[in-house]
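Got the viewer open and a selection box ready? Let's walk through this one stop at a time.

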Amino acid sequence: MQIALAPMEGLVDEILRDVLTRVGGIDWCVTEFIRVTDRLHPLATYEKLAPELLHGSRTRAGTPMRVQFLGSDPQCLAENAAYACELGAPVVDLNFGCPAKTVNKSRGGAVLLKEPELMFAIVEAVRRAVPAHIPVTSKMRLGYETPDGALDCARALADGGSAHVVVHARTKTDGYKPPAHWEWVAKVADAVKVPVFANGEVWTLDDYLRCRAISGVDDIMLGRGLVSRPDLARQIAAWREGGDVQPMPWHEVRALLDDFWRQARRKLAPRYAPGRLKQWLGMLTRSYPEAVELFAQIRRESDCELIDRLLQVEVEEAA
Ligand SMILES: Cc1cc2nc3c(=O)[nH]c(=O)nc-3n(C[C@H](O)[C@H](O)[C@H](O)COP(=O)(O)O)c2cc1C
């Protein structure tokens, strides 16, 4: 059984991958999607979006990181994937689920679910271009408007050479609206021979257990649930091992947030760092009442030094 941290563009970047994988329980993580249109990305793209490649393609905690691509041109995707492998990517993942209008307009992401033949051609071309020992994997939604074609899409991915398929159990039209249709993960798992990961709407250990019961699938990819509850993977891993499930107390989450902020201050431009902190803290409010209070204190602040002071006060109060 494996637990993966979902790729999330604009959210799960190098900093959050570092912080979340250090909590434990995560078997592997994925870069934000790298969009491929008509050219080979230069090294600088990978240094920005996948800096872990320079460190053995692992986060500081030692968690393997995979590189995800999004696009519709099989040849161009194949060339980029081959280059990523030269740089050290241990697995190449392909995105067939992004709902963004700009991406779908240029025939990338979820809109490809209308064209299973093209999905097959993409996976096959990428599979052929990367060394045989490097797995190619895929992530799909159930469909564009309806899940009617989900099984054809999953078969196209598996037949093309996907080593596994992650199923975000919603259509593009569903967006991120609950519920996730975990029963469709079971149908996909029956239709293909490769392992299937369930994804979507798992926020707690109980959600995982329900998802597992309905989908019949053990492997899970956690997105917003893990960002909102940083020890969710660790809780699931502890349950799996029959151990005690001890939820992380707020003061430990606070320490992660401080670390996140220190990294954001070091790595991001001052005009971006506060927004990133508020984005994560806003998501933590879903699981921790203490985060609501802290969020209220900094939500209007955009000055980094002022936020430094605010967080420092909070750290002293918590100690
Ligand atoms: C802000 C955001 C960015 C995302 N970016 C990506 C991405 O780059 N690649 C991808 O395959 N999925 C992306 N997704 C989808 C997630 O990986 C995941 O499939 C989705 O959030 C459902 O899982 P969840 O309910 O556990 O969050 C993104 C989702 C969100 C909310």
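Start with Ser57, which you'll find in the loop between helix H2 (43-49) and strand S4 (65-70). Check its backbone: Ser57 is not a glycine, yet phi is positive, about 60°. Keep in mind throughout that this is a predicted model.

Next, select residues 5-252. UniProt, in an unreviewed entry, gives this span the feature "domain: DUS-like FMN-binding". Color by secondary structure and you'll see 40% helix and 16% strand across residues 5-252, with the C-alpha atoms at the two ends 20 Å apart.

Now show the ligand and the residues around it. Which residues come nearest? Of the 16 around the ligand, they are Pro7, Glu9, Asn199, Glu201 and Arg224. Color that shell by class and you get five nonpolar, six polar and five charged residues.

Zoom in on the individual contacts:

- Glu9: look at the backbone here, where an N or O atom lies 2.7 Å from a nitrogen atom of the ligand.
- Asn199: switch to the side chain, which puts a polar atom 2.6 Å from an oxygen atom of the ligand.
- Arg224: again the side chain, with a polar atom 2.7 Å from a ligand oxygen.

How much of the ligand does the protein bury? On its own the ligand exposes 620 Å², and the protein buries 88% of that. Turn on a surface and hide the ligand for a moment: the space it takes is the largest pocket.

With the pocket in view, select Gln68, Lys139, His168, Asn199, Gly200, Glu201, Gly223 and Arg224. These are the positions that the unreviewed UniProt entry marks as "binding site". From that set, the lining of the largest pocket takes in Gln68, Lys139, His168, Asn199, Gly200, Glu201, Gly223 and Arg224.

Pick His168 out of that selection and follow the backbone. His168 lies in strand S7, residues 165-171. Carry on past S7 into the loop that leads to helix H7 (182-191), and stop at Pro179. Is the peptide bond between Pro178 and Pro179 cis or trans? Put the omega dihedral on screen: the bond is cis, with omega about 0°.

That's the last stop on the tour.

Methods: Residues numbered from 1 in each chain as written. Predicted model: local features only at pLDDT ≥ 70, side-chain atom pairs only at ≥ 80, totals over all residues. Heavy atoms only, no water. Near = heavy atom within 4 Å. Polar contact = N/O pair within 3.5 Å; in protein donor to acceptor, adjacent residues only side chain to side chain. Areas by Shrake-Rupley, 256 points an atom, 1.4 Å probe, with all protein chains shown as cover. 1 Å grid on protein atoms, 1.4 Å probe; cavity = no way out; pocket = protein on both sides within 12 Å on 5 of 7 lines; lining within 4 Å. Sits in = over half its atoms within 2 Å of the grid points. Nonpolar A, V, L, I, M, F, W, Y, C, P; charged D, E, K, R; others polar. UniProt positions renumbered as here; feature names shortened; annotations may be inferred. Helix = DSSP H or I, 4+ residues; strand = E, 2+ residues; numbered from the N terminus.
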